[in-house]
Amino acid sequence: MSTRWYPIYQRGNPQLRVFLPNFWLKLVRSEQKQPPNVVQFACSMEMTRHDVKSYLENIYKIPVVNVRTRIALGNTKRDLVLGYITKEEDTKLAYVTLPNTMKFDFPDIFPTDAKKKIEDDKKSLDDAKKNHKKFLDKNKDRPGTPGWFSI
């Protein structure tokens with residue numbers, strides 16, 4: 001987490017300071033099936049459910065019915081060689097319930113046209129690899145060429 005330190009005194013007048021909170025919200029795709037009016041956010045550990053509600057209502061003008069929060073523990077791993085244990089950071093998850101009239105659909109970042117384009121790119125890459133392999137096999141035994149053609 002970033003902590004903002006503000007100078008106590010600055011030379012000159014006026015003393016211009018902007019105080020920004022250390023709060024942040026990140027929209028997260030839910031692992032379990034949720035009702036269409038429930039949205040999941042990852043948020044700062046210091047945020048309470050009241051902070052999340054006022055944050056969404058005042059900054060983004062989203063009507064919020066209810067907020068539930070929980071802390072998801074980070075995974076622990078043991079190093080196989082040295083044996084020390086590492087732990088990932090814990091994250092706080094906020095489940096925000098919107099009014100029944102509102103429905104949230106997670107945005108589709110890769111529409112079907114983009115998926116088709118990715119498949120075409122993979123096909124052309126495979127063709128290029130196949131043609132390069134054919135070229136290397138054809139020129140492998142050519143006299144006077146160094147062995148850098150071999151794979």
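The following paragraphs describe the fold of a predicted single-chain model.

Residues are numbered from 1 along each chain as its sequence is written. In this predicted model, local features require pLDDT of at least 70 and side-chain atom pairs pLDDT 80 or more, whereas totals for chains, interfaces and linings use all residues, and side-chain values rest on heavy atoms, with hydrogens and water left out.

Two helices and six strands were assigned in the chain, as DSSP runs numbered from the N terminus (helices, H or I, at least four residues; strands, E, at least two). Their succession along the sequence is β-β-α-β-β-β-β-α.

Four strands form an open sheet of order 1-2-6-3 with antiparallel pairing, where pairing requires that DSSP find at least two bridges between two strands. Strand 1 (25-28) and strand 3 (66-72) occupy the edges with a single partner strand each, so one side of each lacks a neighbour in the sheet. From one strand to the next, the twist averages 30°. Four bridges join strand 1 to strand 2 (residues 38-43) in the antiparallel sense; Val-28 has Gln-40 of strand 2 as its bridge partner.

Helix 1 (residues 49-59) lies across strands 1, 2, 3 and 6 (91-97), at about 125° to strand 3. Angles run from 0 to 180 degrees between N-to-C directions, with axes fitted to C-alpha atoms, for helices over the stretch in contact.

Of the 151 residues in the chain, 19% are buried (under 20% relative accessible area, 1.4 Å probe, protein chains only). Among contacts (heavy atoms within 4.5 Å) between residues at least 6 apart in sequence, 47% join residues at least 24 apart. The accessible surface of the chain is about 12,800 Å², with 57% belonging to carbon and sulfur atoms, as computed by the Shrake-Rupley method with a 1.4 Å probe.

Note on methods. Buried means under 20% relative accessible area, exposed over 50%, partly exposed in between (1.4 Å probe, protein chains only).
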